Every structure is written in structure tokens, then in C-alpha cells.
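Open the structure in your viewer and keep the sequence panel beside it. The tour goes stop by stop, with something to select at each one.

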Amino acid sequence: MKKLMLCTLFVATWSIAALADGAISIADPQVRLVPPGTPNTGVFLVMRNGGDKDVKLIKAESPAAKSVELHTVIEEGGMKKMRPVPSIAIRAKGEAVLKPGDYHVMLIGLNKPLQEGDSVPLTLRFDDGSSQSLQAPVRQIAMPMAAPTAMPMK
Ligand SMILES: [Cu+2]
């Protein structure tokens, strides 16, 4: 039994390393802890592009939610609103920061309530054909602004 677990751990570590070949590396992934009953939440992280070509994040997938979208936040009539975007660019030798009040990955229709300390599996797919699979820990994350209109609920 113990041997089997060690073996599984080894395989998991190996496959994460194998997927990290592309130009993109991911830092500081985190999922916003939301109150029970809240169906959606945001994922924030930093994507660094070590290559000499621009790369776009074109898709995010997670078994934790019914659908996953790429979002930005726009201001309209003095209100901040989330909008889906088809992709998020990461410039050559640059980085894209997904953070509250800005670009983020949206988990829509959580399959079960999240608890602080949980990890959410996430796969990011890029337009260079590469992908990254990671575990994003669930954390309490402050809203970007104290104003209650910062992220209007629908
Ligand atoms: Cu959103």
C-alpha cells in the first residue's frame, strides 16, 4: 500500500515537470474563497513568458466547476463589470498578472463549496499548443476596493 502511494506521487511529480516545457511558467495561483452558496469564484495567478514570442492563454479548464471562462473587468457607468474575453496575451519575456479587479479565470457553477486550504486543479491552454496543469489553493483574498459596487452580483 505504502509502495503504491509513493509510486503515484512520483508519477504525478513527473507529469507536472513534463508539462512545464513550454515558454510559460505560472506563479502564485490562488482561488478566492467565497461564502457557501456562492456559485462562482475567481482564480488569480501570474503567467511568465520566458520565450521570445508572444503567447496567448486561450482556454482554462477545471473539474471543480461546470464551466470556466477567461474574464476581464471593465468600467461601465461608474460600475465595475466582468466580461468574458477570448484570450489573455503574455508578451515575449513579459508577464500577465491575473488579479482582483483585472484579468482573471472565472469558475462558473462550482461543483461543491470551496473550503480554505482546498486545492483546485486547473489546466491552462496556450496558443503555442502548450498547456500547464496546476493546483490553485483556496485563500481569502481581499476585494480590490472597499466599494460594494466593485464586483456587482447578478
Ligand atoms: Cu469573472
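**Stop 1: a strand with two partners**

Select E61 and T123: E61 stands opposite T123, which is in strand β9. The model you are looking at is predicted. Now widen the selection to strand β3, residues 55-61, and strand β9, residues 119-126; the two run antiparallel and are joined by four bridges.

Keep β3 selected and add strand β6, residues 88-90. β3 and β6 also pair in the antiparallel sense, here over three bridges. To see one matched position, pick L57, which stands opposite I88 in β6. While the strands are on screen, look at how their side chains point: in a regular strand they alternate between the two faces of the sheet.

**Stop 2: a hairpin**

Select strand β4, residues 65-76, together with β5. Six bridges hold this pair, and the sense is again antiparallel. At the end of the hairpin, E76 stands opposite M79 in β5. Two residues lie between the strands of this hairpin, and G77 has a positive phi near 55 degrees.

**Stop 3: the copper ion**

Select the copper ion and show the side chains around it. Which protein atoms are its donors? They are ND1 of H71, SD of M82, NE2 of H104 and SD of M106, at 2.1 to 2.4 Å from the ion. The angles among the four donor atoms run from 92 to 124 degrees, and the site is tetrahedral. You can check this against the cut-off: four donors count as tetrahedral if all angles lie between 85 and 135 degrees.

Go to the sequence panel and find the donor residues there. Their spacing is H-x10-M-x21-H-x1-M. M82 belongs to strand β5 (residues 79-84) and H104 to strand β8 (residues 104-110), so this pair ties together parts that are 22 residues apart in sequence.

Now turn on the surface and look at M82 and H104 in turn. Is H104 buried or exposed? H104 has a relative accessible area of 1%, so it counts as buried. M82 has a relative accessible area of 26% and is partly exposed.

**Stop 4: a loop**

Select P36, in the loop between β1 (24-32) and β2 (40-49). P36 is exposed, because its relative accessibility is 75%. Then add L114 to the selection and draw a distance between the two C-alpha atoms. P36 and L114 are 78 residues apart in sequence, yet their C-alpha atoms are 7.5 Å apart in space.

**Stop 5: the whole chain**

Clear the selection and show the chain as a cartoon. How many helices and strands does the chain have? There is one helix, and there are 10 strands. Followed from the N terminus, the helix is the opening element and the strands come after it.

Of the 154 residues in the chain, 34% are buried. Among contacts with a separation of 6 or more, 68% are between residues 24 or more positions apart. The accessible surface of the chain is about 9300 Å², and carbon and sulfur atoms account for 60% of it.

Last, colour the chain by pLDDT. The mean is 87, and 79% of the residues reach 70 or more. Select residues 14-20, where the pLDDT is below 50; this stretch has four contacts in the model beyond near neighbours in sequence. Then select residues 146-150, where the pLDDT is below 50 and the model also has four such contacts.

Terms used: Residues are numbered from 1 along each chain as its sequence is written. This is a predicted model: local features need pLDDT of at least 70, side-chain atom pairs count only at pLDDT 80 or more; totals for chains, interfaces and linings use all residues. Side-chain values use heavy atoms; hydrogens and water are left out. Donors are N, O and S atoms within 2.8 Å of the metal (3.2 Å for Na, K and Ca); water is not among the atoms, so sites may look incomplete. Four donors count as tetrahedral if all angles lie between 85 and 135 degrees; four count as square planar and six as octahedral if opposite donors are over 155 degrees apart and all others between 65 and 115; anything else is irregular. Buried means under 20% relative accessible area, exposed over 50%, partly exposed in between (1.4 Å probe, protein chains only). Two strands pair if DSSP finds at least two bridges between them. pLDDT is the predictor's confidence in each residue, from 0 to 100. Contact means heavy atoms within 4.5 Å. Accessible areas come from the Shrake-Rupley method with a 1.4 Å probe; for residues, only the protein chains shown count as cover.
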